[in-house]
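Q: Please take a close look at the charged pairs in this model, and then place them among the helices around them. A connected account would be preferred to a list.

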Amino acid sequence: MDALLTLTVLAVFTVLLFDYTNGFHDAANVVATVIASRAMSPAQAVALVAVFEFLGPLLGGTAVANTIGGFVDLSALPVQVSLGVLLAGLLGAIGWNLLTWWWGIPSSSSHALVGGLAGAVIAAAGPAHVVWGFGSWLEGGPLTGVAKVVLALLLSPLLGFAVGYLIHRLLGLLFRAARPALNRRLRGAQFVTTAGLAFSHGANDAQKSMGILTLVLVLGGFIPAFEVPLWVMLACATAMTLGILSGGWRIVRTLGFAVYKVRPLHALDSQLTSAAVILSASFAGAPVSTSHVVASSIMGIGASEHPRRVRWSKAGEIVATWAITIPASAAAGAGLLLLLRPLFD
């Protein structure tokens, strides 16, 4: 019992550590455009974002948490092995988050989490213990498991690009005769749109950690069913908010300056696009990547205005990182599982 309690506490701490790294990794995605357009100072942006990031998981429901908590099936494994699998998968995701943060590349924490957990589960018990969901979906059943996660992660950047393209075209036509003084109002409006983006990010991303933390408690026998407790919501909201306050300025430079030159209208359009896509996904229970949505919205906005001025080479680097995140984090999760398994067998 002492070993089980120790492993559970360690798993809970690791979930919150992942949530923290998710916060400082994705903080840059939320504040990049508002800082690049000079609507706020970095301190103002981070303070505003931290408040609404905290509110997001508390008011955004638990639909995403339910999806993330159900894409692996650990019920047939011994309790200590199950907790060890979650621990290894989380550590693999944390490692990938830190590596891409160091490189200054906006990769997906969501992809890293899915890859890390799937890799650890496959290494421990085989692919049958991952709820893939593709077969039932193709047969006309509900979208569940990895199928729902992957489809959401693939479609969301396409939506970000398309919606960003259309919104910028629409607002560009609306403001085509505007004077430069309009920029002051656009910067002021970003206090609202940035708050909306922060809320949507908190409502989606913190729920992923809420789902895994609730799964830890179920496996450990500390709660009878998969229902997210209030203290889990508060703990995950707090960990992500602390991560946001830590910043992530390497990625700010990439998103705010290295893909397309962001001015006030571009920033407003990107924030509107990203908030709409991410919040819609949260209500649908679909875990999406803020990194993907924000970066693709900037690309779509740039493409709608001056395609040749979009730094497609930098965009290509980002897309390449997206493509390797799941397999890389899966390999990390599997490797860590094999390394750590003697400790909890």
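A: R263 forms a salt bridge with E305, and the closest N and O atoms of the two are 3.4 Å apart. The pair joins distant parts of the chain, with R263 in the loop between helix 10 (249-258) and helix 11 and E305 in helix 12, 42 residues apart. R263 has 36% relative accessibility and therefore counts as partly exposed. E305, at 26% relative accessibility, also falls in the partly exposed class. The model is a predicted one, and it holds two salt bridges.

The other bridge is formed by D205 and K208, with their closest N and O atoms 3.0 Å apart. Both residues belong to helix 8 (residues 182-219), where three residues, or about one turn of the helix, separate them. An α-helix has 3.6 residues a turn, so residues three or four places apart point the same way. D205 is buried because its relative accessibility is 0%, which is under the 20% limit. K208 has 1% relative accessibility and so is buried as well. Side chains of opposite charge can pair when their charged atoms come close.

Helix 8 also contains T194. With a relative accessible area of 0%, T194 is buried. Its side chain reaches the backbone oxygen of Q190 at 2.7 Å. Apart from neighbours within four places in sequence, T194 is in contact with V30, V34, M40, L48, V49 and Q271. Two of these partners, L48 and V49, are listed among the buried residues of helix 2, along with A45, V46, A50, E53, G56 and P57. Helix 2 covers residues 42-59; at 1.5 Å a residue its 18 residues should span 26 Å, and the end C-alpha atoms are indeed 26 Å apart. Helix 2 is followed by G61, which has a positive phi near 80 degrees.

Helix 12 (290-305), in which E305 lies, is also part of the surroundings of helix 7: what covers the buried residues of helix 7 includes helix 3 (63-69), helix 5 (109-125), helix 6 (134-138), helix 11 (264-283), helix 12 and helix 13 (312-344). The buried residues in question are G145, V146, A147, V149, A152, L153, S156, P157, G160, G164, H168 and L171. Helix 7 itself runs over residues 145-174; its 30 residues should span 44 Å at 1.5 Å a residue, and the separation of 42 Å between its end C-alpha atoms agrees with this.

Helix 5, another of the elements covering helix 7, packs against helix 4 at an angle of about 145 degrees, with the two axes 8 Å apart. The crossing of helix 4 and helix 5 is right-handed. Helix 4 contributes V85, L86, A88, G89, L90, A93, W96 and N97 to the contact, and helix 5 contributes S109, A112, L113, G116, L117, A120, V121 and A124.

Helix 4 comprises residues 79-103, and V79 lies in it. V79 has 36% relative accessibility and so counts as partly exposed. Not counting residues up to four places away in sequence, V79 touches L4, L219 and G220. The C-alpha atoms of V79 and T8 are separated by 9.8 Å, although the two residues are 71 residues apart along the chain.

Conventions:
Residues numbered from 1 in each chain as written. Predicted model: local features only at pLDDT ≥ 70, side-chain atom pairs only at ≥ 80, totals over all residues. Heavy atoms only, no water. Helix = DSSP H or I, 4+ residues; strand = E, 2+ residues; numbered from the N terminus. Expected span 1.5 Å × (residues − 1). Buried < 20%, exposed > 50% of the residue type's maximum accessible area, 1.4 Å probe, protein only. Contact = heavy atoms within 4.5 Å. Salt bridge = Lys/Arg side-chain N within 4 Å of Asp/Glu carboxyl O. Polar contact = N/O pair within 3.5 Å; in protein donor to acceptor, adjacent residues only side chain to side chain. Axes fitted to C-alpha atoms, helices over the stretch in contact; angles between N-to-C directions. Left-handed = near helix turned anticlockwise from the far one by under 90°.
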